[in-house]
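Me: I'm new to this one, so could you walk me through it in small steps? I'll ask and you answer.

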Amino acid sequence: MARIDLNNIRHAYLPNPASDDDYALKRVHHTFDDGGAYALLGPSGCGKTTLLNIISGLLRPTEGQILFDGKNVTDLSTEDRNIAQVFQFPVVYDTMTVYQNLAFPLRNRGVAADEIDRRVRETLEMIDLAERADQKAKGLTADDKQKIALGRGLVRSDVSAILFDEPLTVIDPHMKWVLRSQLKELHRRFAFTMVYVTHDQTEALTFADQVVVMNEGEIVQIGTPEELFERPNHTFVGYFIGSPGMNVLPVRIDGQGAHIGSHAISLDGQLPGNSDARMELGVRPEYVRIGEKGIPAQILRVEDTGRRKIVHATVEGQPIAAIVAEGTALPSEPRISFDPAGINLYADSWRVDPVSARQEGAT
Amino acid sequence: MTKTWNNRAWFLVLPVLLLVAFNAIIPLMTVVNYSVQETFGNNLFFFEGTKWYEDVLTSDRFHASLFRQFLFTGIILLIEVPLGVAIALTMPRSGPWVSVCLVLMALPLLIPWNVVGAMWNIMALPDIGLLGYGLNALGIPYNFTRQPISAWFTVVLMDVWHWTSLVVLLAYAGLRSIPEAYYQAARIDGASRWSVFRYIQLPKMNRVLTIAILLRFMDSFMIYTEPFVLTGGGPGNATTFLSIDLVKAALGEFNLGIAAAMSIIYFLMTLLVSWIFYTLMTRGEDQ
């Protein structure tokens, strides 16, 4: 297993990239620690698969370097980098048995026969397919096939990292959960460096220690699931993560506080000095309260999800969502207030930290 | 799910049934009728039972043309299938050359059978044809109207030229349908070029190749026009394949009973082989 350093990686699919828009990956500078479980999360076309293919060596970046444990591997082929990858659609060698599938990467590398047998048997135990060792891989279900694909990586004990490219896309919902927890368990026991690409936030948040959120070829935020939820760095992270996503309301800032229309919102900490930036307030639906106090709102509809209710309303013409507990009665003249703990302030879509804003204001 | 049974729906199938009856079943039954009777003209028929079948099945002439037929089909399958796969593997997977290659490959398939025969006839003429003259100029005695070997060589070469494209196109379609991830996974697993072919490309082409072999088997087993135009079945009987022999018996010698019995046997053989292929293909599906 290895630490992976990405040094100022940029990648363009066009031959002569001129402007920033020509780059599928604008600039990525990041380190994946040895033994960490990382998720690359973002919408389709945000560059996450491009980044994964650059790590695996299927793509060569236009600019920048990749280091595995400090060794430059930018120009090395996929085989020489010694990584494993699990793809969106399960790739198995149809004509081979499960056992032969797992032995294949070792045979190609000229490993001795008894060593191959030992490692294949070990891996089969790990991925729970020992009883099916002599079955043809072709007849297995999608989730078993995906386990074989994973097994072909695990069997090589010296792999630098295991990469996953949306591996659960074609798996039945009830099996997704099983596979995900098995993967997590394997990671706990053997501490591989794992990079997992997905556009499913649940997958990313449950799998990874660190989630890398990407949008339009850039990393917008790297953090633990809690950080991404409580303190989204960018409004994109706010509404991409969470269901429903964070409410983003345009506000006016002056010496006294933030204002939505004619209503003032009290904020903790010092406000940034008046600037030309476009200011927005971000509040997750979990922190929106509906009651007798606050800003008058019109309720549009209520979705009942079983455990809780999602209330869709408007305040000052802005749509807003709130989550209330099941069984809560909604007042006839509803007013909306925000829990101060859940309020984030954004200038030009990037989060402003009240404390650092004060320091800036002092200079 | 519940199924609704409505027997009036059979009426919807009736027009097709009539059509098939007129163009397939009735002619076939006529042949069956001829194959069990003797006629001396004047629309007089005498029932002969299985006599014609016994005659055909025990005749050396039938055995000889049947042998030639299997030999020919075997040779062209052995050449066209591996050659077609090899060509498909060397074709580009993307880019402007794809369409150029596809058009080039499709060209021989667009030429009518008798024109193919005529083209190769002229080309193979020893005195003026490029192939015939060229071979003789190189010191290789070649005359397809006199030497059985030369005739066979020409007929096989013509068929390979005409039909390898079909195998190429089918194999290429099979190759194109393999997702890129398979090749990427193979690179990650450190597979050699041969392993990629053996464990990814060949298994994925399995189905299209079965279809290619089936089509080439049926077509070559029924081959008539090209050798008829090129060699007329000669020299002697060297290239008299089943269908040529059948036409000789039916229209050259007016042995209606023999020809009809031969047709039925011929038909049953093709049916049997097609059934074997069908079973192989559907068995592959179940796995």
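**Strands, loops and helices**

Me: In strand 21 of chain A, which residue is the bridge partner of Gly291(A)?

Reply: One heads-up: this is a predicted model, where local features need pLDDT of at least 70, side-chain atom pairs count only at pLDDT 80 or more, and totals for chains, interfaces and linings use all residues. Residues are numbered from 1 along each chain as its sequence is written, while chains are lettered from A and ligands numbered from 1 in the order in which they are written. Strand 16 of chain A and strand 21 (residues 335–338) of chain A are joined by 4 bridges and run antiparallel. In strand 21 of chain A, Gly291(A) has as its bridge partner Arg335(A).

Me: Which strands of chain A stand at the edges of the sheet with the order 16-21-17?

Reply: It's an open sheet of 3 strands with antiparallel pairing (strands are DSSP runs of E, at least two residues, and helices are runs of H or I, at least four, numbered from the N terminus; two strands pair if DSSP finds at least two bridges between them). An edge strand here has a single partner strand, so one of its sides is left without a neighbour in the sheet. In chain A, that describes strand 16 (288–291) and strand 17 (295–296).

Me: How much does the sheet with the order 11-15-22-23 in chain A twist, on average, from one strand to the next?

Reply: This open sheet has 4 strands, with antiparallel pairing. Strand 11 and strand 23 (350–352) of chain A are at its edges, each with a single partner strand, so one side of each is left without a neighbour in the sheet. From one strand to the next, the twist averages 40°.

Me: Which residue in strand 15 of chain A stands opposite Pro250(A)?

Reply: Strand 11 of chain A pairs with strand 15 (residues 279–283) of chain A in the antiparallel sense, over 4 bridges. Opposite Pro250(A), in strand 15 of chain A, stands Glu280(A).

Me: In the hairpin of strand 4 and strand 5 of chain A, which residue takes a positive phi?

Reply: Strand 4 of chain A pairs antiparallel with strand 5 (residues 71–72) of chain A over 2 bridges, and Leu67(A) has Asn72(A) as its bridge partner in strand 5 of chain A. The hairpin has 2 residues between the strands. With phi near 50°, the residue you want is Asp69(A).

Me: In which loop of chain A is Pro244(A)?

Reply: The peptide bond from Ser243(A) to Pro244(A) is cis, with omega near -5°. Pro244(A) lies in the loop between helix 9 (235–240) and strand 11 (247–250) of chain A.

Me: How far apart are the C-alpha centres of domain 1 and domain 2 of chain A?

Reply: The domain assignment of chain A gives domain 1 (4–234) and domain 2 (243–362), with bounds that come from an automatic or database domain assignment. In contact are 4 residues of domain 1 and 6 residues of domain 2 of chain A (contact means C-beta atoms, placed from the backbone, within 7 Å). The C-alpha centres of domain 1 and domain 2 of chain A are separated by 38 Å.

Me: Which helix of chain B gives the largest share of the side that touches chain A?

Reply: Here 16 residues of chain B are in contact with 21 residues of chain A. Helix 8 (180–188) and helix 9 (193–221) of chain B each supply at least two residues of that side. The largest share, 6 residues, comes from chain B's helix 8.

Me: Is helix 3 of chain B oblique or roughly parallel to helix 7 of chain B?

Reply: Helix 3 (residues 60–90) and helix 7 (residues 148–176) of chain B pack at about 45° with their axes 7 Å apart. Axes are lines fitted to C-alpha atoms, for helices over the stretch in contact, and angles run from 0 to 180 degrees between N-to-C directions. Under 35 degrees counts as roughly parallel, over 145 as roughly antiparallel, 65 to 115 as roughly perpendicular and the rest as oblique. At about 45°, helix 3 of chain B is therefore, relative to helix 7 of chain B, oblique.

Me: Which residues of helix 7 of chain B make the contact with helix 5 of chain B?

Reply: The axes of helix 5 (residues 113–124) and helix 7 of chain B come within 11 Å and cross at roughly 130°. From helix 5 of chain B come Val116(B), Trp120(B) and Ala124(B). From helix 7 of chain B come Thr154(B), Met158(B) and His162(B).

Methods
Two residues are in contact if their C-beta atoms, placed from the backbone, lie within 7 Å.
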